[in-house]
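Here are a few notes to help you find your way around this model. Please keep the structure open as you read, and take the points in order.

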Amino acid sequence: MNNNNQFILTLEEQLKTAMLNSDIHTLDQLLADDLIFTNHLGQVMSKQDDLKAHQSGYVKIKAISQSEQLIKLQGSIAVVSVLSHIQGEIAGELSEVVLRFMRIWQKREDDQWQVIAANSCLVNEAQAF
């Protein structure tokens with residue numbers, strides 16, 4: 001794995017840790033202000049929607065296991081596909097899902113990498129791991 005891909009993997013790990021800890025400060029840095037995120041229910045969410053879900057406690061992620069992480073780096077854009085088994089709570093209800101995420105990272109004008117777009121889709125757990 002080359003150094004550029006390793007750098008993107010480091011960013012992905014920071015994002016995962018921030019999600020687990022509902023770390024609003026780090027999420028704010030890693031997510032672009034103009035983020036477009038389409039979740040596994042087909043809902044389009046903004047950066048503010050995502051931050052609010054974590055800040056309010058609506059989303060509480062307890063564990064994330066990842067596999068099948070693929071990275072395609074093209075100039076100032078990185079596309080990441082990753083299979084994630086996520087355990088936690090949504091609106092106070094226990095939740096356990098397997099999702100495949102596609103995230104697009106962009107190196108912004110200030111040389112900071114941020115997620116500018118993402119989507120997730122539900123994966124049949126029997127086919128996942």
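1. Let's begin with the largest pocket, which holds about 640 Å³ of space. Of the 30 residues that line this pocket, Phe37, Asn39, Asp50, Val59 and Phe101 are the closest to its centre. Please bear in mind as you look around that the model is predicted.

2. Where does the lining of the largest pocket come from? At least two residues each are supplied by H1, E1, H3, E3, strand E4 (77-90), E5 and strand E6 (113-122). By class, the lining of the largest pocket divides into 18 nonpolar, eight polar and four charged residues.

3. Next, the enclosed space. The count of cavities of 30 Å³ or more comes to one, and the largest cavity has about 50 Å³ of space. Its lining is made up of Glu12, Leu15, Lys16, Met19, Ile64, Gln66, Ser84, Ile86, Phe101 and Arg103. You may recognise Phe101, one of the residues closest to the centre of the largest pocket.

4. Which element gives the most to the lining of the largest cavity? That is H1, with four residues, while H1, E3, E4 and E5 each supply at least two. The lining of the largest cavity has five nonpolar, two polar and three charged residues.

5. Helix H1 deserves a look in its own right. H1 covers residues 3-21, 19 residues in total, and reaches 27 Å from its first C-alpha to its last, close to the 27 Å expected. Its buried residues are Asn5, Ile8, Leu9, Leu11, Glu12, Leu15, Lys16, Ala18 and Met19. As you follow that list, it may help to recall that an α-helix has 3.6 residues a turn, so residues three or four places apart point the same way. Among the buried residues of H1 are Glu12, Leu15, Lys16 and Met19, and these residues also line the largest cavity. Just after H1, Ser22 takes a positive phi of about 45 degrees.

6. Now for the charged pairs. How many salt bridges does a search of the whole structure find? There are five. In one of them, Asp28 pairs with Lys47, and the closest N and O atoms are 2.8 Å apart. This pair links distant parts of the chain, with Asp28 in helix H2 (residues 24-30) and Lys47 in helix H3 (residues 47-55), 19 residues apart.

7. Lys47 has another partner to show you. The side chains of Asp33 and Lys47 meet in a salt bridge at 2.8 Å, N to O. Here too distant parts of the chain are linked, since Asp33 sits in strand E1 (residues 31-38) and Lys47 in helix H3, 14 residues apart. Is Lys47 buried or exposed? Lys47 has a relative accessible area of 2%, so it counts as buried. Asp28 is partly exposed at 35%, and Asp33 counts as exposed at 67% relative accessibility.

8. One more pair is worth a visit. Arg100 forms a salt bridge with Glu68, the closest N and O atoms being 2.9 Å apart. Arg100 lies in strand E5 (residues 93-107) and Glu68 in strand E3 (residues 59-74), so this salt bridge ties together parts that are 32 residues apart in sequence. Arg100 is partly exposed, with a relative accessible area of 27%, and Glu68 is also partly exposed, at 43%. As for the earlier pairs, salt bridges with shared partners join Asp28, Asp33 and Lys47 into one network.

Notes
Residues are numbered from 1 along each chain as its sequence is written. This is a predicted model: local features need pLDDT of at least 70, side-chain atom pairs count only at pLDDT 80 or more; totals for chains, interfaces and linings use all residues. Side-chain values use heavy atoms; hydrogens and water are left out. A salt bridge is a side-chain nitrogen of Lys or Arg within 4 Å of a carboxyl oxygen of Asp or Glu. Buried means under 20% relative accessible area, exposed over 50%, partly exposed in between (1.4 Å probe, protein chains only). The expected span of a helix is 1.5 Å times one less than its number of residues. On a 1 Å grid over the protein atoms alone, a cavity is a set of points where a 1.4 Å probe fits but cannot get out, and a pocket is an open set with protein on both sides within 12 Å along at least five of seven lines; lining residues have an atom within 4 Å of a point. Grid points are joined across faces, edges and corners, and a volume is the space filled by probe spheres set on the points. Ala, Val, Leu, Ile, Met, Phe, Trp, Tyr, Cys and Pro count as nonpolar, Asp, Glu, Lys and Arg as charged, and the others, Gly among them, as polar.
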